[in-house]
Amino acid sequence: MARIVDKYSLFILLSFLILLSYSTLANSKNINEKKPCKRFVLYYHDILFNGTNASNATSAATTNDTKLGNFKHGKLVIFDDPMTKDNHLLSPPLARAQGFYFYDMKTTYNAWFSYTLIFNSSEHKGTINIMGADMMDEETRDLSVVGGTGDFFMTRGICTFRTDAFEGAAYFRVQMDIKLYECY
């Protein structure tokens with residue numbers, strides 16, 4: 001009698017595991033890296049506060065660089081920058097980029113970004129969270145899209161930076177190609 005119960009228990013356990021694996025496969029999504037589910041090309045406009053431009057500055061350094069090298073190592077900048085569809089600063093913003101970056105390499109220019117794109121328009125509502133290293137010596141740099149809310153709930157993807165204009169520390173513009181591969 002004990003052998004029948006053991007065989008029956010084993011049969012139930014195997015049946016349960018097979019059903020569990022089928023339900024997992026049925027609910028899994030395949031990510032097609034070649035075709036994103038949403039894509040944006042936006043322009044990030046950053047105007048660093050220099051002590052005299054308070055009316056139009058969109059970012060400010062909250063710490064000075066540490067003097068460990070010539071590449072602003074340790075400098076932290078907080079920003080609230082407009083994001084536009086074209087490369088003109090005075091175009092109506094589609095979103096705001098709010099977050100920070102800091103210079104984290106002593107041997108060359110490199111920054112680490114963490115920010116949220118906040119959309120509040122008739123076209124999109126919600127946020128996209130982006131973070132990662134900006135290797136400034138490279139022509140293009142990829143940062144990770146790590147989540148979102150609203151129209152972009154739990155999204156994942158890649159944000160590709162390309163510096164579009166650079167006027168010293170006062171102003172720079174970055175073209176951001178945002179490709180979302182997981183959209184809900």
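**Notebook: cysteines, strand 4 and the core**

I began with C37, which counts as partly exposed at 41% relative accessibility. The model is a predicted one, and I read every value with that in mind.

**Entry 1. Cysteines**

How many disulfides does the search count? It comes to one. I found it between C37 and C183, with the sulfur atoms 2.0 Å apart. I then looked at the torsion about the S-S bond of C37 and C183. It is about 75°, so the disulfide is right-handed. Next I placed both ends in the chain. C37 sits in the loop between helix 1 (2-27) and strand 1, and C183 in the segment after strand 9. The pair therefore ties together parts that are 146 residues apart in sequence. I also checked C159. Its relative accessibility is 0%, so I put it down as buried.

**Entry 2. Strand 4, faces**

I turned to strand 4, residues 95-103. Which side chains point to the buried face? A95, A97, G99, Y101 and Y103 do. R96, Q98, F100 and F102 point to the other face and are not buried. I recalled the general rule: in a regular strand the side chains alternate between the two faces of the sheet.

**Entry 3. Strand 4, partners**

I looked up the neighbours of strand 4 on both sides. Strand 3 (residues 76-84) pairs with strand 4 in the antiparallel sense, over eight bridges. Within that search I noted P82, whose bridge partner in strand 4 is R96. Strand 5 (residues 110-120) also runs antiparallel to strand 4, and nine bridges join the two. F102 has W112 in strand 5 as its bridge partner. A hairpin of six residues leads from strand 4 to strand 5.

**Entry 4. Aromatic rings**

I searched the whole structure for aromatic pairs and got 20. I picked out F100 and W112. Their ring centres are 6.4 Å apart and their planes stand at 40°, so I logged the pair as tilted; the tilted class falls between the 30 and 60 degree cut-offs. F100 belongs to strand 4 and W112 to strand 5, 12 residues apart. Are these two residues buried or partly exposed? F100 is partly exposed, with a relative accessible area of 29%. W112 is partly exposed too, at 27% relative accessibility. I then listed one aromatic cluster: Y44, F71, F79, Y101, Y103, Y109, F113, Y115, F161 and F172. Y101 and Y103 in that cluster are also on the buried face of strand 4.

**Entry 5. Nonpolar core**

I opened the largest nonpolar core, which has 30 residues. Which members touch the most others? They are Y44, Y115, L117 and I178. I traced where the core comes from. Strands 1, 3, 4, 5, 6, 7, 8 and 9 each supply at least two of its residues. In soluble globular proteins, nonpolar side chains tend to be buried together. I followed L117 further. Leaving aside neighbours within four places in sequence, its contacts are L42, M83, R96, A97, G126, T127, I128, I130 and I178. R96 on that list is the bridge partner of P82.

**Entry 6. D177**

I closed with D177, in strand 9. Its relative accessibility is 13%, which is under the 20% cut-off, so D177 counts as buried. What does its side chain meet? A polar contact of 2.5 Å joins it to the side chain of R39. Not counting residues up to four places away in sequence, D177 touches R39, F40, V41, I158, C159 and T160. C159 appears there, the residue I had logged at 0% relative accessibility.

Technical notes:
Residues are numbered from 1 along each chain as its sequence is written. This is a predicted model: local features need pLDDT of at least 70, side-chain atom pairs count only at pLDDT 80 or more; totals for chains, interfaces and linings use all residues. Side-chain values use heavy atoms; hydrogens and water are left out. Buried means under 20% relative accessible area, exposed over 50%, partly exposed in between (1.4 Å probe, protein chains only). Helices (H or I, at least four residues) and strands (E, at least two) are DSSP runs, numbered from the N terminus. Two strands pair if DSSP finds at least two bridges between them. A nonpolar core is a set of buried Ala, Val, Leu, Ile, Met, Phe, Trp, Tyr and Cys residues joined through side-chain atoms within 4.5 Å. Contact means heavy atoms within 4.5 Å. A disulfide is a pair of cysteine sulfur atoms within 2.5 Å. Rings of Phe, Tyr and Trp (its six-membered ring) pair if their centres lie within 6.5 Å; planes under 30 degrees apart count as stacked, over 60 as edge-to-face and the rest as tilted. A polar contact is a pair of N or O atoms within 3.5 Å; within protein, one must be able to donate a hydrogen and the other to accept it, and residues adjacent in sequence count only if both atoms are side-chain atoms.
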